[in-house]
Amino acid sequence: MLNCLATVLGIFICVPLLLFMAAPYIRRYVAGGVCKSTTKLNGKVVVITGANTGIGKETARDLAQRGKVIIACRDVAKGEAAACEIRAETGNQQVIVKKLDLADTKSIREFAENFLAEEKELHILINNAGVMLCPYSKTADGFEMHLGVNHLGHFLLTFLLLECLKQSSPARIVNVSSLAHHGGRIRFHDLQGEKCYNWGLAYCHSKLANVLFTRELARRLQGTGVTANSLHPGSVYSELVRHSILMTLLWKTFSFVLKTPREGAQTSVYCAVAEELESVTGQYFSDCRPAYVSPQGRNDELAKQLWNVSCELLGIQWD
């Protein structure tokens, strides 16, 4: 009995000690790839959705050291706070905040209309904003929240800004997806999750939609000078899990094995500026290098079908 007690106590003492000793090595491994490009974006314009917090904010911070950045976000007050911080740090006064609510197609259209009236060019569009683990809810247009914000909102935004991107070529579209796309399925018979809903799977489905959208978009943009790539930023300690108390607690407990927002932004920055990706399109990246895509994410027929269904839902013609 005493021997068992001693063993249990030893485990409780040794395991935390070993984790503490290994922490620096774990952190180095978790941090992942780093974008080493020093490319400047003088005279160029970047739009980043959801850049008021998390990896979007860190992406904006990096790119603001290179050129003009437009932070497109739902919460303008938070966006202005982030922009003020970035302006003060980088000395770049061309960090601008614009209202964009991806859960409302009216807001998306207003953003695009205002942007096109004020800006002559767009060189980089980073579709970064997203929601995760939401209780079942719908957007202003009646779309399931994960599908509506993560996929359809960015699909419409890209459609509305595409001609400007083409006229500004070479230009890049960067779609922030996730490793979670491996667990996703495009369930056309229940796309809005009205028959069966699981907040975890809904997120996975929307991230698969990001990969498929990128694949079909890249195919359609061949020869235009506009590239489209998607990426997994890594498991990042951010506000994205705020809708789940359990996930928030887990994120706090295991924060030492999660990327910081700055580390999570590296692949987004890499896809936006790396010289070696100038003509690379339709690819999926993680840790600043090509990564494995699920069989579903490589299904061209599925990508085309999702494209057509997305156009129907949004009431647009995109040939």
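## A tour from C288 through the sheet

Start by selecting C288, in the loop between β7 and β8. This is a predicted model. C288 is not a glycine, yet its phi is positive, about 60°. Most residues other than glycine have a negative phi. Is C288 buried or exposed? Its relative accessible area is 12%, so C288 is buried; the cut-off for that is under 20%.

**The whole chain**

Zoom out. The protein chain has 319 residues, and 53% of them count as buried. Colour by secondary structure: there are 10 helices and eight strands. Now turn on contacts between residues at least 6 apart in sequence. Of these, 76% join residues at least 24 apart.

**The sheet**

Show strands alone. In what order do the eight strands lie? The order is β3-β2-β1-β4-β5-β6-β7-β8, in an open sheet with mixed pairing. Go to the edges: β3 and β8 (289–290) each pair on one side only.

**The β3 edge**

Select residues 67–73 and 95–99, which are β2 and β3. The two strands run parallel and are joined by five bridges. Pick C73: opposite it, in β3, stands K99. Follow the chain from β2 to β3 and you pass through helix α3, residues 76–90. This β-α-β crossover is right-handed. Add α3 to the view. The helix lies across β2 and β3, at about 175° to β3.

Next, select N52, in the loop between β1 and α2 (54–63). At 16% relative accessibility, N52 counts as buried, because that value falls under the 20% cut-off. What does N52 touch, leaving out residues up to four places away in sequence? The list is K57, I71, C73, D75, K78, G79 and A82. C73 you have already met, as the partner standing opposite K99.

**Towards the other edge**

Move to β6 (residues 226–232) and β7 (residues 284–286). They pair in the parallel sense, over three bridges. Pick L231; its bridge partner in β7 is F285. Then bring up helix α9, residues 266–273, which packs on the sheet. Which strands does α9 touch? They are β1 (41–49), β4 (124–127), β5 (171–176), β6, β7 and β8. The direction of α9 makes about 160° with that of β5.

**Helix α6**

Select residues 199–220, helix α6. Put a distance between its end C-alpha atoms: 32 Å. Why is that the value to expect? The helix has 22 residues, and at 1.5 Å a residue it should span 32 Å, so the two agree. Colour α6 by accessibility. The helix is mostly covered, with 17 of its 22 residues buried. Step back to N198, which caps the N-terminal end of α6. A side-chain oxygen of N198 lies 2.9 Å from the backbone nitrogen of G200.

**Two backbone stops**

First, P170, in the loop between α5 (145–167) and β5. Look at the peptide bond leading into it from S169: it is cis, with omega near 5°. Most peptide bonds are trans.

Then L133, in the loop between β4 and α5. Its phi is near 60°, a positive value in a residue other than glycine. How accessible is L133? At 6% relative accessibility, L133 counts as buried. Return to C288 to end the tour: there too phi is positive, at about 60°.

Notes
Residues are numbered from 1 along each chain as its sequence is written. This is a predicted model: local features need pLDDT of at least 70, side-chain atom pairs count only at pLDDT 80 or more; totals for chains, interfaces and linings use all residues. Side-chain values use heavy atoms; hydrogens and water are left out. Two strands pair if DSSP finds at least two bridges between them. Helices (H or I, at least four residues) and strands (E, at least two) are DSSP runs, numbered from the N terminus. A crossover is right-handed if, with the strands pointing away from the viewer, the path from the first strand over the helix to the second runs clockwise. Contact means heavy atoms within 4.5 Å. Axes are lines fitted to C-alpha atoms, for helices over the stretch in contact, and angles run from 0 to 180 degrees between N-to-C directions. The expected span of a helix is 1.5 Å times one less than its number of residues. Buried means under 20% relative accessible area, exposed over 50%, partly exposed in between (1.4 Å probe, protein chains only). A polar contact is a pair of N or O atoms within 3.5 Å; within protein, one must be able to donate a hydrogen and the other to accept it, and residues adjacent in sequence count only if both atoms are side-chain atoms.
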